[in-house]
Amino acid sequence: MCTLEKRGDIFFLTLTGAGAGDDDNDEHRLGLPVISSLLSALADAKSQSSPGSVLITTARGKFFSNGFDLAWAQTAGSSSAARHRLHQMVVAFKPVVAALLSLPMPTVAALPGHAAAAGLLLALSHDYVTMRRDRGVLYMSEVDLGLPFPDYFAAAFRAKIGSVSARRDLLLRGMKVRGEEAVRMGIVDSAHDSAEAAVEAAVRVAEKLGLRKWKGDVYAEIRMSLYPELCGVLGLDAKVVATPKL
């Protein structure tokens, strides 16, 4: 469901799909098995990290991730059972966001296509985001589906999207945002002509960051100190790095 490959200092975490059918159309839904696979890959990257390490997360096919596995939830047999399954995914996904926020290396998400709901949160949990401009949208479907935001979703979007109007349009209008517009709104860092170009841009960013050979634990502490509210909701210890004495 996902793979982790190390090439030099760069870890490539790739959502690969279920492996049964057309991978190009796999939506990379974040069901419990996929979430578990992501957590395992992030733990592996953390255990192998060293100064200069960088993580790039991407996916095969037309989707980065279309969010939680709502089809699995809806097959539970009753509305209360469906809500319970959705709650299971909400609870299980929270440590993924925490793991990315506390990962001791810079992180880049390269989106080959659509990123929706929890899939968009997965992308924004990285330090940098590249996407393609010709296909794929960013979309928070909760307002259209009549689903409230979990507390850590709301905290993450407040932390990661600085523009009040951008948050309004994305979260309260259910706006489907394409690449160039996402750059203008400050949601992603760059938009490119193809999925391959988006990954190549992510690699360029990662290579430049890796050359700095930063200490991973310090990098993670500084990152967490930037988002104290989000860290509090996630249960992370957002230490403020002390100013060195001269």
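Buried means under 20% relative accessible area, exposed means over 50%, and partly exposed lies in between. That scale will help you find your way around this predicted model. By that measure, Val218 is partly exposed, because its relative accessible area is 34%. The protein chain has 246 residues, and 50% of them count as buried. Its secondary structure comes to 11 helices and 9 strands.

**The chain as a whole**

- The radius of gyration of the protein chain is 17 Å, close to the 18 Å from the globule rule for 246 residues, so the chain is as compact as a globular protein of that length.
- Measured out along the principal axes, the C-alpha trace covers about 60 × 35 × 35 Å.
- If you look at contacts between residues at least 6 apart in sequence, 71% of them join residues at least 24 apart.
- The chain has an accessible surface of about 11500 Å², and carbon and sulfur atoms account for 53% of that surface.

**Helix H6 and its surroundings**

- Helix H6 takes in residues 151–160, and its buried residues include Tyr152, Phe153, Ala155, Ala156, Phe157 and Lys160.
- Other helices help to cover the buried residues of H6, among them H3 (79–101), H4 (118–124), H5 (142–145), H7 (164–172) and H11 (228–234).

**Met140, a buried loop residue**

- Met140 sits in the loop that runs between strand E8 (138–139) and helix H5.
- Met140 counts as buried because its relative accessible area is 0%, and buried means under 20%.
- Setting aside neighbours within four places in sequence, Met140 touches Phe153 and Phe157, and its other contacts include Ala117, Leu120 and Phe149.
- Leu170, Leu171 and Gly174 are also among the contacts of Met140.
- Met140 and Leu172 are 32 residues apart along the chain, while their C-alpha atoms are separated by 8.7 Å.

**Helix H9 and the strands that cover it**

- Helix H9 (residues 195–210) has 16 residues and should span 22 Å at 1.5 Å a residue; its end C-alpha atoms are 22 Å apart, so the two values agree.
- Many alanines appear on the list of buried residues in H9: Ala195, Ala197, Ala198, Ala201, Ala202 and Ala206 are there, along with Val203, Leu209 and Gly210.
- Strands help to cover these buried residues of H9, including E2 (10–15), E3 (54–59), E5 (107–111), E7 (128–132) and E9 (190–192).

**Two loop residues with positive phi**

- His28 lies in the loop between strand E2 and helix H1 (32–48).
- The phi of His28 is near 50°, which is a positive value in a residue other than glycine.
- His28 counts as buried because its relative accessibility is 4%.
- Lys213 is found in the loop between H9 and H10.
- Lys213 is not a glycine either, yet its phi is positive, at about 55°.
- Lys213 counts as partly exposed because its relative accessibility is 44%.

**A nonpolar patch on the surface**

- Helix H10 covers residues 216–226, and Val218 lies in this helix.
- Val218 joins Ile222 and Leu226 in a nonpolar patch on the surface.
- Together, these three residues have about 260 Å² of accessible area.

Terms used
Residues are numbered from 1 along each chain as its sequence is written. This is a predicted model: local features need pLDDT of at least 70, side-chain atom pairs count only at pLDDT 80 or more; totals for chains, interfaces and linings use all residues. Side-chain values use heavy atoms; hydrogens and water are left out. Buried means under 20% relative accessible area, exposed over 50%, partly exposed in between (1.4 Å probe, protein chains only). Helices (H or I, at least four residues) and strands (E, at least two) are DSSP runs, numbered from the N terminus. Contact means heavy atoms within 4.5 Å. Patches are made of residues with over 30% relative accessible area and no salt bridge: like charges are joined within 9 Å, nonpolar side chains (Val, Leu, Ile, Met, Phe, Trp, Tyr) within 5 Å. Accessible areas come from the Shrake-Rupley method with a 1.4 Å probe; for residues, only the protein chains shown count as cover. A salt bridge is a side-chain nitrogen of Lys or Arg within 4 Å of a carboxyl oxygen of Asp or Glu. The radius of gyration is taken over C-alpha atoms; the globule rule is 2.2 Å times the number of residues to the power 0.38. The expected span of a helix is 1.5 Å times one less than its number of residues.
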